[in-house]
Amino acid sequence: MNLNQLDIIVSNVSQVCADLERLLDKKADYADDSFAQFTIGSHCIMLSQNHLIPLEDFQSGIILHIEVEDVEQNYQRLILNGPAVTDWGTESLLVEGPAGLVIDFYRMK
């Protein structure tokens, strides 16, 4: 088994894509009005507006965990509350992203 893609259903792909580009400091690999894609490492994050099954009042409840080399640098860039050291050995900075998404910039201590 290999998890290599995550598709997040959003109501405004263009806005969420722009917000993620700013938060991740990375341009989307592809983007149009109903679909966008970011490749990060060996994983693909997709933003979709049209989906195969009807979803009403969809809330993702998803946290994206993104390993970075320097948590402090991302803290300074995003102007957020300070990073925290977790009980499981990471330095972590949680950021509220677009469409109710939470992004975790972390590094192993």
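Start by hunting for disulfides: a search of this whole predicted model turns up zero of them. Now select the cysteines Cys17 and Cys44. Cys17 is buried, because its relative accessible area is 4% and anything under 20% counts as buried. Click on Cys44 next: this residue is buried too, with a relative accessible area of 11%.

Zoom out and colour by secondary structure. You should find two helices and eight strands. Trace the chain from the N terminus and the elements come in the order β-α-β-β-β-β-α-β-β-β. While you have the whole protein in view, note that 36% of its 109 residues count as buried.

Next, go to the loop between helix H1 (13-24) and strand E2 (30-31), and pick out Asp25 there. Is Asp25 buried or exposed? Asp25 is exposed, since its relative accessible area is 58% and the cut-off for exposed is over 50%. Keep Asp25 selected and add Asn74. In sequence these two sit 49 residues apart, yet their C-alpha atoms are 9.5 Å from each other in space.

For the last stop, show the surface and select Glu67, Glu69, Asp70 and Glu72. What do they form together? They gather in a patch of negative charge on the surface. Take a closer look at Glu72, which belongs to helix H2 (residues 71-78). Glu72 has a relative accessible area of 35%, so this residue is partly exposed.

Definitions and conventions:
Residues are numbered from 1 along each chain as its sequence is written. This is a predicted model: local features need pLDDT of at least 70, side-chain atom pairs count only at pLDDT 80 or more; totals for chains, interfaces and linings use all residues. Side-chain values use heavy atoms; hydrogens and water are left out. A disulfide is a pair of cysteine sulfur atoms within 2.5 Å. Buried means under 20% relative accessible area, exposed over 50%, partly exposed in between (1.4 Å probe, protein chains only). Patches are made of residues with over 30% relative accessible area and no salt bridge: like charges are joined within 9 Å, nonpolar side chains (Val, Leu, Ile, Met, Phe, Trp, Tyr) within 5 Å. Accessible areas come from the Shrake-Rupley method with a 1.4 Å probe; for residues, only the protein chains shown count as cover. A salt bridge is a side-chain nitrogen of Lys or Arg within 4 Å of a carboxyl oxygen of Asp or Glu. Lys and Arg count as positive and Asp and Glu as negative; His and the chain ends are not counted. The place of a charge is taken as NZ of Lys, CZ of Arg, CG of Asp or CD of Glu. Helices (H or I, at least four residues) and strands (E, at least two) are DSSP runs, numbered from the N terminus.
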